[in-house]
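Visitor: Could you walk me through this one? I'd like to start with the pocket and go on from there.

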Amino acid sequence: MHAPLEALEILDPPVMLTIYEALVSARKFYDLPVELMPICEDNSDYYCINNNGEVVFWSHNGTTNQKWAKRDRMG
């Protein structure tokens, strides 16, 4: 059974997993690098934004080469 990916939320009170909870958990249990900010969690793997504004996939098994460049806004 596959569950759809859900974006992490910034709400008060939180409805689902919040960015803060995911960040603390990922850094504590999976050594998520400090330059990555998780925006979506999938079974202890994370889609994150890096310091360059790119979205990167980070596996709890370690880093990967999967990333997507930020898109510039058009006019």
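Visitor: Happy to start there. Which residues line the largest pocket?

Guide: Keep in mind that this is a predicted model. Strand 4 and strand 5 each put at least two residues into the lining of the largest pocket. The full set is Pro33, Glu35, Leu36, Asn50, Val56, Phe57, Trp58, Thr63, Thr64, Asn65, Gln66 and Lys67.

Visitor: Which element gives the most to that lining?

Guide: Two strands supply at least two residues each, namely strand 4 and strand 5. With five residues, the one that gives the most is strand 5.

Visitor: And what volume does the largest pocket have?

Guide: The general idea is to roll a probe the size of a water molecule over the atoms and see where empty space is left. For the largest pocket, the volume comes to about 160 Å³.

Visitor: Let's do the fold. In what order do the elements of the chain run?

Guide: There's one helix to place, along with five strands. Reading from the N terminus on, the order is β-α-β-β-β-β.

Visitor: Now the rings. How many aromatic pairs are there in the whole structure, and is the one formed by Tyr47 and Trp68 stacked, edge-to-face or tilted?

Guide: A search of the whole structure turns up three aromatic pairs. For Tyr47 and Trp68, the centres sit 6.0 Å apart, with 45° between the planes. Planes under 30 degrees apart would be stacked and over 60 edge-to-face, so this pair comes out as tilted.

Visitor: How many residues apart in sequence are the parts that this pair ties together?

Guide: Tyr47 belongs to strand 3 (residues 45-49), while Trp68 belongs to strand 5 (residues 62-68). The pair therefore ties together parts separated in sequence by 21 residues.

Visitor: Is Tyr47 buried, partly exposed or exposed?

Guide: The cut-off for buried is under 20% relative accessible area, and exposed starts over 50%. Tyr47 has 23% relative accessibility, so it counts as partly exposed. Trp68, with a relative accessible area of 41%, is likewise partly exposed.

Visitor: Which residues form the aromatic cluster?

Guide: Two members have come up as a tilted pair, Tyr47 and Trp68. Phe57 also came up, as one of the residues lining the largest pocket. The one cluster is made of Tyr47, Phe57 and Trp68.

Visitor: Last one: which element has the lowest mean pLDDT?

Guide: Across the chain the average pLDDT is 79, and 71% of the residues score at least 70. Where pLDDT is low, the predicted coordinates shouldn't be read in detail. Strand 4 (residues 55-59) has the highest mean, 91, and the lowest, 64, goes to strand 1 (residues 6-7).

Note on methods:
Residues are numbered from 1 along each chain as its sequence is written. This is a predicted model: local features need pLDDT of at least 70, side-chain atom pairs count only at pLDDT 80 or more; totals for chains, interfaces and linings use all residues. Side-chain values use heavy atoms; hydrogens and water are left out. Helices (H or I, at least four residues) and strands (E, at least two) are DSSP runs, numbered from the N terminus. Rings of Phe, Tyr and Trp (its six-membered ring) pair if their centres lie within 6.5 Å; planes under 30 degrees apart count as stacked, over 60 as edge-to-face and the rest as tilted. Buried means under 20% relative accessible area, exposed over 50%, partly exposed in between (1.4 Å probe, protein chains only). pLDDT is the predictor's confidence in each residue, from 0 to 100. On a 1 Å grid over the protein atoms alone, a cavity is a set of points where a 1.4 Å probe fits but cannot get out, and a pocket is an open set with protein on both sides within 12 Å along at least five of seven lines; lining residues have an atom within 4 Å of a point. Grid points are joined across faces, edges and corners, and a volume is the space filled by probe spheres set on the points.
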